[in-house]
Amino acid sequence: MERQKGLSVKSRLIQGIAVLSVTLLAVVLTPFIGPIAVIMTPLPMMYCYFRLGRNQALVALAIALAVASVAVGLLGRSASLPVLAMISFTGVLLAEILQRRYSLEKTFILASLAMFFSGIGFILYYAAQSGIEPWRLVETYIAGILRENLKLYGQMNISEEQIRLVRENSAEITRFFVGIFPALALVGAMFTVWLNLLAGRSLLSGSAGFPEFGDLTLWRAPDRLVWVLIAAGLMMLIPDETLVMVGMNILIVCCLIYFLQGMAITAFFFHLKKISVIFRWLFYMLLAVQQYTIVFVVALGLFDLWIDFRKRIAGIKNVQA
């Protein structure tokens, strides 16, 4: 009996090492899957934490980091061990916060801030290694993305006039994205936490120690957030570049929060009306390719403050989170 238990533990440990190694290699070696794999990197680490326990999960991660680092080196690709460690560290952060079984809001805020500051730490580390100022590093990165997009536009059916317009204003575009980089980084962290919480909830539901959080389709943002949104909008009307950028950063973060509320309303509608899984995924795909749909979902979350869409959809008097 003890021998079978030991074999089962070893089997799960080997499985965890394999999953984490494949995840890290997918991030580094696959140009198209890599960005998606980065976003979902916390998920396999969460899985190992709640299936193996903290100690064995950390052992699996250490071995996976060594395996991935050696494999990348043998293939002649550039990815140092600190970079791979920083990528996988996000999963450790999220798993540790989840194990403390805080409320949904506290879990989301702590995990998002932890991920945001670990990303900032990575930028500072890379800047120190490269001998470049952090903001200059961000500017160089954004300028590089803009150049790659211009090359892509040249291969697509986009008019030469539009490409020329972007090229001529590339400095202003770069400066604008550098200005809103803090919001983009925080939004990226929040979105990553949100996706991994949803995926982890489906994958690890019923696992010992994993928080339930209740019915997420009933979640709503604090009513007072609308005043932060209004204040951000007013700041953007003041003729001062610094205040405009601060207001823009706050506005972007508020819009993401209302987007998440809009998605909760949408999920509530899908569940209550028993919408087919195929149509649900079609809607989610539409969100990925059509920005106007995103604006609609944000508006849905914002105006829920006054209209209470879930109450109207369900036809009942009270719907509370």
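Contact here means heavy atoms within 4.5 Å. The legends below describe a predicted model.

**Figure 1. Overall fold of the protein chain, built from 15 helices and 0 strands.** Among contacts in the protein chain between residues at least 6 apart in sequence, 72% join residues at least 24 apart. Buried residues make up 38% of the 321 residues in the protein chain.

**Figure 2. Close-up of the second largest pocket, with a volume of about 1600 Å³.** The pocket is lined by 43 residues, of which Trp194, Leu195, Leu198, Leu260 and Met263 are the closest to its centre. Two or more lining residues come from each of helix 6 (104-130), helix 10 (181-204), helix 12 (241-272), helix 13 (277-289) and helix 14 (291-307). The most is given by helix 10, which supplies 10 residues to the lining. By residue class, the lining of this second largest pocket divides into 33 nonpolar, 6 polar and 4 charged.

**Figure 3. Close-up of the largest nonpolar core, a set of 62 residues.** Met46, Leu98, Leu197, Tyr258 and Phe259 are the members that touch the most other members of this core. Set apart from the largest core is another core, of 7 residues, including Ile123, Leu137, Ile142 and Val178.

**Figure 4. Close-up of tyrosine 258 and the residues that it touches.** Leaving out residues up to four places away in sequence, tyrosine 258 touches Ala221, Leu225, Val226 and Leu229, among others. Val297, Val298, Gly301 and Leu302 also belong to the residues touched by tyrosine 258. Tyr258 is itself one of the residues that touch the most other members of the largest nonpolar core.

**Figure 5. Close-up of cysteine 254 and cysteine 255, in a structure that holds 0 disulfides.** A disulfide requires a pair of cysteine sulfur atoms within 2.5 Å. For cysteine 254, the closest cysteine sulfur is that of cysteine 255, and because the two sulfurs are 7.1 Å apart, they are too far for a bond. Cysteine 255 is likewise in no disulfide, its nearest cysteine sulfur being that of cysteine 254 at 7.1 Å. How does the exposure of each residue come out: is cysteine 254 buried or exposed? Cysteine 254 is buried, with a relative accessible area of 3%, whereas cysteine 255 counts as partly exposed at 29% relative accessibility.

Methods:
Residues numbered from 1 in each chain as written. Predicted model: local features only at pLDDT ≥ 70, side-chain atom pairs only at ≥ 80, totals over all residues. Heavy atoms only, no water. 1 Å grid on protein atoms, 1.4 Å probe; cavity = no way out; pocket = protein on both sides within 12 Å on 5 of 7 lines; lining within 4 Å. Points joined across faces, edges and corners; volume = space filled by probe spheres on them. Helix = DSSP H or I, 4+ residues; strand = E, 2+ residues; numbered from the N terminus. Nonpolar A, V, L, I, M, F, W, Y, C, P; charged D, E, K, R; others polar. Buried < 20%, exposed > 50% of the residue type's maximum accessible area, 1.4 Å probe, protein only. Core = buried A, V, L, I, M, F, W, Y, C linked by side-chain atoms within 4.5 Å.
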